[in-house]
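Here are my comments on the model you sent over. Please keep the structure open while you read.

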Amino acid sequence: MVCDFHSHALPKIDDGAKNLDMSIEMLKKSKEQGVTDVILTPHCYPYSQRDITDFLVKRKHAYDMLNTISDIPNLHMGCELHLTGDVTKYFNIKELCMENTNYLLLEMPTTPWNDNTIEFTYKLTLMGITPVIAHDERNFHQKQELRNLLYDLDVLIQINAPSLSIHSMRKEVDKMLKLGMGHVIGSDMHNLTSRKPCFDTAQKQIKKRYGEDCWNYFMTNAEKILNDEKISYRDFKSFKKKSLL
Ligand SMILES: [Fe+2]
């Protein structure tokens, strides 16, 4: 399995694919690049609605449009939930997990974190949900002390493939992988131009910089997550930078 763990390929639901044609093109490109499975992770901002039911209805409608399309990777429903506060208050929060699993892609606040940020994440874990922190390399500006507290929780970390093409982000990814704090990879594709399918490049970059084992580790973890298998702390592996790109 080659799994893109983070994508905005569902049509007309967020700032990703603008229409069905763009969705299909993004997914076909992904398939050409060797991707077998794509997790669809549209943005969910629960503060903008009374509950998340509206989002779930829109998401299903968008997904149904893609249902009959052939020659695209296998699709898995998910979302990218913005941690805007105590999201455990929403009665149907578990429906935001990746389909048939207890794993939830969680986008952390870009504003400074505080104790509440960690507490709200912890409360999700108490519900049996395992948060997968989206593109954690972007959280480099947050207090390290709070990031360490986050890592102490039962969470996994998703890295964005395009970060490997940005010098400063690449350094962050180096640090995270050395600590064993990187578990899955996603394109975070939004369109066909500025934030496009990039798994062919990502695969080459990861294998060259961290080794083939690292790529296989990301793909195996994604498969385990989709099967709702547990990835425990003792399974975490660290990878060191091999050479400069
Ligand atoms: Fe995203």
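The numbered points below go from the overall fold to the metal site, the salt bridges and a few single residues.

1. Status of the model. This is a predicted model. Please read every distance and accessibility below in that light.

2. Overall fold. The chain holds seven helices and nine strands. Its C-alpha trace spans about 40 × 40 × 30 Å along the principal axes. The radius of gyration is 17 Å, which agrees with a compact globule of 245 residues, because such a globule would come out near 18 Å.

3. Interior and surface. Of the 245 residues, 57% are buried. The chain exposes about 11300 Å², and carbon and sulfur atoms supply 50% of that area. Long-range contacts carry much of the picture: among contacts with a separation of 6 or more, 76% join residues 24 or more positions apart.

4. The iron site. Which residues donate to the iron ion? The protein donors are His6 through NE2, His8 through NE2, Glu80 through OE and Asp188 through OD. They lie 2.1 to 2.4 Å from the metal. Their spacing in sequence reads H-x1-H-x71-E-x107-D. One pair of donors links distant parts of the chain. His8 sits in the loop between strand E1 (3-7) and helix H1 (20-32), while Glu80 belongs to strand E5 (residues 80-82), 72 residues apart. Both His8 and Glu80 are buried.

5. Geometry at the iron. Why is the arrangement irregular? The four donor atoms subtend angles of 79 to 164° around the iron ion. A tetrahedral call needs all angles between 85 and 135 degrees, so the range of 79 to 164° rules that out and the arrangement is classed as irregular.

6. Salt bridges in general. How many salt bridges does a search of the whole structure find? The count is ten. Three of them are taken up in the next points, with the setting of each.

7. A bridge inside one helix. Asp64 pairs with Lys60, and their closest N and O atoms are 2.8 Å apart. Both residues lie in helix H2 (residues 53-66). They are four residues apart, about one turn of the helix. Asp64 is partly exposed at 35% relative accessibility. Lys60 is also partly exposed, with a relative accessible area of 48%.

8. A bridge between two helices. Arg147 forms a salt bridge with Glu172, with 4.0 Å between the closest N and O atoms. Arg147 lies in helix H4 (residues 144-152) and Glu172 in helix H5 (residues 167-178), so the pair ties together parts that are 25 residues apart in sequence. Are these partners buried or exposed? Arg147 is buried, with a relative accessible area of 3%. Glu172 is buried as well, at 11%.

9. The wider network. The Arg147 and Glu172 pair does not stand alone: Asp136, Arg147, Glu172 and Lys175 are linked in a network of salt bridges. Beyond its neighbours within four places in sequence, Glu172 is in contact with Glu137, Phe140 and Arg147.

10. Another bridge. Lys207 and Glu212 meet through their side chains, at 3.6 Å from N to O. Lys207 is partly exposed at 27% relative accessibility. Glu212 is partly exposed at 46%.

11. Gln205. This residue is found in helix H6 (residues 199-210). Gln205 is buried, because its relative accessible area is 13%, and the cut-off for buried is under 20%. Its C-alpha atom is separated by 7.2 Å from that of Leu164, 41 residues apart along the chain.

12. Pro131. Where does Pro131 lie? Its place is strand E7 (residues 130-133). Pro131 is buried, with a relative accessible area of 0%. Leaving aside neighbours within four places in sequence, its contacts include Leu104, Leu106, Leu124 and Val155. Thr121 is also in contact with Pro131. The C-alpha atoms of Thr121 and Pro131 are separated by 7.5 Å, with the residues ten apart along the chain.

Notes
Residues are numbered from 1 along each chain as its sequence is written. This is a predicted model: local features need pLDDT of at least 70, side-chain atom pairs count only at pLDDT 80 or more; totals for chains, interfaces and linings use all residues. Side-chain values use heavy atoms; hydrogens and water are left out. Buried means under 20% relative accessible area, exposed over 50%, partly exposed in between (1.4 Å probe, protein chains only). Donors are N, O and S atoms within 2.8 Å of the metal (3.2 Å for Na, K and Ca); water is not among the atoms, so sites may look incomplete. Four donors count as tetrahedral if all angles lie between 85 and 135 degrees; four count as square planar and six as octahedral if opposite donors are over 155 degrees apart and all others between 65 and 115; anything else is irregular. The radius of gyration is taken over C-alpha atoms; the globule rule is 2.2 Å times the number of residues to the power 0.38. Contact means heavy atoms within 4.5 Å. Accessible areas come from the Shrake-Rupley method with a 1.4 Å probe; for residues, only the protein chains shown count as cover.
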